[in-house]
Amino acid sequence: PPTVRLEDYRPSDHLIDRVELDVRLDPHDTRVTARLAVRPNPAGRPGAPLILDGDDLRLLALDLDGQSLAPAAFRVAPSALTLPEPPQRPFTLTIETRLDPTANTKLMGLYRSNGVYCTQCEADGFRRITYFLDRPDVMSIYTTRIEAEEAAAPVLLGNGNPVEAGRIEGTGRHFAVWHDPHPKPAYLFALVGGRLDRVSSTFTTMDGRAVELAVYVEPGKGDRAAYALDAVERSMAWDERTFGRAYDLDVFNVVAVSDFNMGAMENKGLNIFNDKYVLASPDTATDADYAAIEAIIAHEYFHNWSGNRVTCRDWFQLCLKEGLTVFRDQEFSSDMRSRDVHRIGEVRTLRARQFPEDAGPLAHPVRPKRYAEINNFYTATVYEKGAEIVRMLRTLIGERAFRAGMDRYFAENDGTAATVEDFLRAFEAETGRDLSRFAEWYERPGTPRVAISGHYDAGAQTYSLELRQTRPGAGSDAPPVVIPIRLGLIGQDGPLDDARSSRVTDGVFVFDRWDDVLTIENVATAPVPSLFRGFSAPVRVDMAMDDTERLTLLRHDTDGFNRWEAAQRVAARLMIGALRGEATEVGADAFAAALDSFLDARALADPAFAALVLSLPSESDLADDIGSEIDPDAIHAARYDLRTRLGTALTDRLHALRDALSEPAGTPFSPDAASAGRRALRNAALDLIAAADPTGGAACADAQIHSAGNMTDRLAGLSTLALLPGETREAAFASFAERYADEPLVLDKWFAIQAMIPEDGTVERVRRLQEHPAFAMTNPNRVRALVGSFALANPTQFNRSDGAGFTLVADTVLALDRANPQIAARLMTAFGSWRRLEPVRRGMAESALRRILATPGLSRDVTDIAGRSLG
Ligand code: HT7
Ligand code: ZN
């Protein structure tokens, strides 16, 4: 496929100032009339042809300034409409196209989800609605008239504010007109038409304007929208408080649909959501679901400023809106919940998804330099590493300057399509600092590594850290990056607060060379260093440190992230040592004893944090640590063994905790962080109890499934039971499916749990489940739940040494590709770490990839991922 390059960017030759759309909705024969106010761009090439993008479009009519165009004056194809010699003055182009929303299985452009008309235009879906300059630096003011059969679509929503609505007498049809006063790129366009229930409230902005908020959901599900609506209100208040950003329209609408390619979309004034991230009730949603709803509602809302008011010049700048908005939603969730617990969750996600991506064939810079298919660049690197860069910037310049820089960025770039340079320039102007070296974080792929060793000089009372950075995967010409290291020193009894260094400001040392030595003075006793507090930079750290020192950090560090990290490192060393047959300094029993005293001292004071300490590094964390020649079965066995040992050693403590944390019968469910934390610790304890005593654990899990008053506990019981083969498990699966037969989002959990069973029979089970009446290849949530969970969260079975797991996923990718290439390409990313496997599995994975790539008629999306995976 043709490659788009950042270095080839040039402004559009034409601009479109205003768009008037008239959309007459029909299941198979929707008519779209677009009146475009076009003019030559003074920054473009004079006399250039006008080439409007299209994708799978059928043109019905075309005129210019009210005159029908002669056939010789234009060329038309499904993928473009060209005027070779357009007027050299402003003119109006009127284009009529015809669409079949029901046949649109790609879920890009205008489609129907469960009978509801909706749109998805990012990144390049608007060109599936009408011919347009479908690029983010072409910003227009939109007026949209939507018309539909009233009985089929009583609700008609567009961007901006409602202007007019009415019936078309005698036709059974009605219409609504919406006007959005803010210029926007086409990717933020949206409309919705359907039968939907509405839940609403009013928000008064800090400047005193009343905004009508509404969440629209499938009929009968209004009672599940309250949490999402509340999250909208909290997001609006938080963005005013934290960044001084107020909402800017009279209405803010959120619509939940069941067929959606990603989580949600920030269309101006009309956010459209995957219903998984809106609908919640205690009986259907887990604590994790509630937290995800809160985070994604906030994320899309925050885009109103970081993405919509200030948008991206081109798709290479995607991190400008996505990395910044992830940072903003992470800060919001941290303020709503426990900051340490949230930070640990962020880092777990980064390490599970971004680190492997950055170490594999799909690695790319946070700001990519080229792409064949932009939809494949909505990645953990752009989003999560992009957010880490913003966080490092705040660490480097401090909170006050960061806030001032953000204000300046919004003020100077409001209403424009900006670049990463524009973003950094605002902070340079605010602080007087040169951020050109910091900008390197955007430029090259790969996770930097920092090797550190510490030396204590008792005579001089100094402690020095020798640091060295390397940049695997970044290329031999890569310069060192600017790494903020937040640090402190810990003694045997607690923090060494008198230690100091002139090179450490507000607890942060800036490491920006290949090698450096940091000397800290006034260190009274041999310390244990607490480095990268709060995970202050997205790097891998090789610190020469004994496990007993790490256990000192678990006990005494004031930094929550590093306390957790210390326990994780010790656990990882135990498991990796075991699978390599190496002895470790701290054995499983000593580790269990340390955990026991940690739980004794802190578990009931902070159950959410304790649950994280009890959760061992995942199998993919361990694979990432090991790095090459990976045998997922050996990793699974080592992890299983440590769970069993810890469960055995801690049995009494775990049972006591479960008792202490159990809620009296009839306690009403609350999704708040404290309640969720108690449930998390009870369920982490259950996991270890079951590992130590499968029979007792199965009984305990089964009892919990039956007695649970909420989905979190019921699902935790089922997940525990899923690891324990036998009739109890199969009976539990059957009754769960029966109970939730009419709840697609809950059935997704049921599909996912079964797909993650680490047993030989799982490939067959997944193939059987693909035939289940509730499974549908046309629904992305179902595909992700069943095949996505198998491919991305079942390392032993996806990577089976006979290749059966790879075959299953490859078959699904090929079966899906024509209908929905975006989802097919996402599934394929599961192959991203294939080169790190041991040789037999590596060979099997390569054959599956080659089979996919050799298939005729493959989409650009899948060709791109398969090609880069093999390349
Ligand atoms: N900005 C959105 C990204 C997106 C998307 C959303 C739904 C379907 C297809 C999509 N392609 C890209 C979502 C976000 O990050 O906020
Ligand atoms: Zn986003």
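Q: Which strand and which helix each supply at least two residues of the shell around ligand 1?
A: In this predicted model, strand 20 (264–265) and helix 2 (287–302) do so. The shell holds 14 residues, and the closest are Gln 120, Glu 122, Asn 261, Met 262 and Met 265.

Q: What makes a residue count as near ligand 1?
A: Its C-beta atom, placed from the backbone, has to lie within 6 Å of the molecule. Around ligand 1, 14 residues make up the shell. By class they are five nonpolar, five polar and four charged residues.

Q: Why is ligand 1 said to lie between domain 1 and domain 2?
A: Both domain 1 (4–286) and domain 2 (311–442) give residues to the shell, so ligand 1 lies between them. The full division of the protein adds domain 3 (449–537) and domain 4 (561–870).

Q: Which feature does UniProt place at residues 227–440?
A: The unreviewed UniProt entry places "domain: Peptidase M1 membrane alanine aminopeptidase" there. In the model, this span is 55% helix and 9% strand, and its end C-alpha atoms lie 40 Å apart. The unreviewed entry also places "domain: Peptidase M1 alanyl aminopeptidase C-terminal" at residues 548–870. That span is 73% helix and 0% strand, with end C-alpha atoms 43 Å apart.

Q: What makes residues of domain 2 and domain 3 count as being in contact?
A: Two residues are in contact if their C-beta atoms lie within 7 Å. By that test, 13 residues of domain 2 are in contact with 14 residues of domain 3. On the domain 2 side, helix 4 (339–358) and helix 5 (380–397) are the elements that give two or more residues. The residues of that side divide into seven nonpolar, two polar and four charged. The C-alpha centres of domain 2 and domain 3 lie 25 Å apart.

Q: How do you know that strand 25 and strand 26 pair?
A: Pairing needs at least two bridges between the strands. Nine bridges join strand 25 (residues 449–457) to strand 26 (residues 462–470), and the two run antiparallel. The threshold is therefore met. Within this pairing, Ala 451 stands opposite Arg 468. The two strands form a hairpin with four residues between them, and Gln 461 in the turn has a positive phi of about 55 degrees.

Q: In which sense do strand 26 and strand 32 pair?
A: Strand 26 and strand 32 (residues 515–520) pair in the antiparallel sense, over six bridges. Here Ser 464 stands opposite Thr 519.

Q: Which residues make up the covered and uncovered faces of strand 3?
A: In strand 3 (residues 30–40), the covered face consists of Thr 30, Val 32, Ala 34, Leu 36, Val 38 and Pro 40. Arg 31, Thr 33, Arg 35, Ala 37 and Arg 39 form the uncovered one. In a regular strand, side chains alternate between the two faces of the sheet.

Q: Which strands are joined to strand 3 by bridges?
A: Strand 2 (residues 14–24) is joined to strand 3 by 10 bridges, and strand 9 (residues 91–99) by nine. Strand 3 runs antiparallel to strand 2 and to strand 9. A hairpin through five residues joins strand 2 to strand 3. Glu 20 stands opposite Arg 35, while Ala 34 has Ile 95 in strand 9 as its bridge partner.

Q: Why is Ala 404 called partly exposed?
A: A buried residue needs 20 or more other C-beta atoms within 10 Å, and an exposed one has 12 or fewer. Ala 404 has 17, so it counts as partly exposed. Ala 404 lies in helix 6 (residues 399–413). Its C-alpha atom is separated by 8.8 Å from that of Ala 426, 22 residues apart along the chain.

Q: Why do Asp 56 and Asn 522 count as partly exposed?
A: Asp 56 has 15 C-beta neighbours inside 10 Å, so it counts as partly exposed. Asn 522 is partly exposed because it has 13 other C-beta atoms within 10 Å. Asp 56 is found in the loop between strand 4 (50–53) and strand 5 (58–64), and its phi is near 65 degrees, a positive value in a residue other than glycine. Asn 522 lies in the loop between strand 32 and strand 33 (528–530), with phi near 65 degrees.

Q: Where is there a cis peptide bond involving Glu 122?
A: The cis bond joins Glu 122 and Ala 123, with omega about 0 degrees. Ala 123 is found in the loop between strand 11 (116–120) and strand 12 (139–149).

Note on methods:
Residues numbered from 1 in each chain as written. Chains lettered and ligands numbered in written order. Predicted model: local features only at pLDDT ≥ 70, side-chain atom pairs only at ≥ 80, totals over all residues. Nonpolar A, V, L, I, M, F, W, Y, C, P; charged D, E, K, R; others polar. Domains from an automatic or database assignment. UniProt positions renumbered as here; feature names shortened; annotations may be inferred.
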